[in-house]
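Hi,

Here is the structure I promised to pass on. Have a look at it first, and then read my notes below.

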Amino acid sequence: MLKSLRSDILHEAESKDLKVIIIAAEGPVFSSGHDLKELTDVRGRDYHTEVFQTCSEVMMLIRNHPVPVIAMVNGLATAAGCQLVASCDIAVASDKSSFATPGVNIGLFCSTPAVALGRAVPRKVALEMLFTGEPISAQEAVRHGLISKVVPEGQLEEETMRIAKKIASLSRSVVALGKATFYKQLSQDLRAAYFLTSQAMVDNLALRDGQEGIEAFIQKRKPVWSH
């Protein structure tokens, strides 16, 4: 599944026709994370290393992908499944969804999910989830910033597609620059962040779509994006 997800994320990643990616699931579970049968001693350390390296690669691909990645969650997201939600740029969940990092209950602390979780929610919220393994509701998840919004189950696809279509209507090059810059500046101190983003604004103005958008605004017309 991880290799399939990696392949799908990379598929036509540089295509100008690709504007947004939605990750969704069928059934009552969004993702329950790793298959524990793959994590027994029978497989061995090298195989276990490959599993977690592949998982980490997928999560970083989402972060580094040029287009926004949206999680559409309808159900349970646990362990690496919760990590997947936390790694996406936007997450829309139904009100029946829940989120957990329950590895500690079976003796396998969710250390890799903690990377994404700890960057999405306040530290004490993340640590309570990690130390107890207890799930949080969709309402709690949106309050703490793990997901973007909660909607009734019947409206989940409609709301997710509304967001996706809005993004798809915009300039791919501008969105790609904005996404990359946003994540890059997060790790910087204030002065460095402002220097980096100021340069990004100048680079944005140098883009064809940057000038097209400004000209369209001045001329009171809709912009015609290059992509």
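One definition before the rest: a residue is called buried under 20% relative accessible area, exposed over 50%, and partly exposed in between. Keep in mind that this is a predicted model.

Let's start with the surface. Val104 has a relative accessibility of 31%, so it counts as partly exposed. You'll find Val104 in the loop between β6 (98-100) and α4 (111-120). Together with Phe109, Leu127 and Phe131, Val104 makes a nonpolar surface patch of about 330 Å².

Now the charged pairs. The count comes to seven salt bridges, and two of them connect the same pair of helices. Glu50 pairs with Lys3, with the closest N and O atoms 3.2 Å apart. Glu50 sits in helix α2 (residues 45-64) and Lys3 in helix α1 (residues 2-10), 47 residues apart. Both ends are partly exposed, Glu50 at 34% and Lys3 at 49%.

Arg6 and Glu57 form another salt bridge, at 2.9 Å between the closest N and O atoms. Because Arg6 is in helix α1 and Glu57 in helix α2, this pair ties together parts 51 residues apart in sequence. Arg6 is partly exposed at 22%, and so is Glu57 at 30%.

Further along, Glu159 meets Lys149 in a salt bridge (2.9 Å, N to O). That pair links helix α7 (residues 156-168), home of Glu159, to strand β8 (residues 149-151), home of Lys149. Glu159 is buried, at 15%, whereas Lys149 is partly exposed, at 29%. Arg162 joins these two in a network of salt bridges.

Cheers

Notes:
Residues are numbered from 1 along each chain as its sequence is written. This is a predicted model: local features need pLDDT of at least 70, side-chain atom pairs count only at pLDDT 80 or more; totals for chains, interfaces and linings use all residues. Side-chain values use heavy atoms; hydrogens and water are left out. Patches are made of residues with over 30% relative accessible area and no salt bridge: like charges are joined within 9 Å, nonpolar side chains (Val, Leu, Ile, Met, Phe, Trp, Tyr) within 5 Å. Accessible areas come from the Shrake-Rupley method with a 1.4 Å probe; for residues, only the protein chains shown count as cover. A salt bridge is a side-chain nitrogen of Lys or Arg within 4 Å of a carboxyl oxygen of Asp or Glu. Helices (H or I, at least four residues) and strands (E, at least two) are DSSP runs, numbered from the N terminus. Buried means under 20% relative accessible area, exposed over 50%, partly exposed in between (1.4 Å probe, protein chains only).
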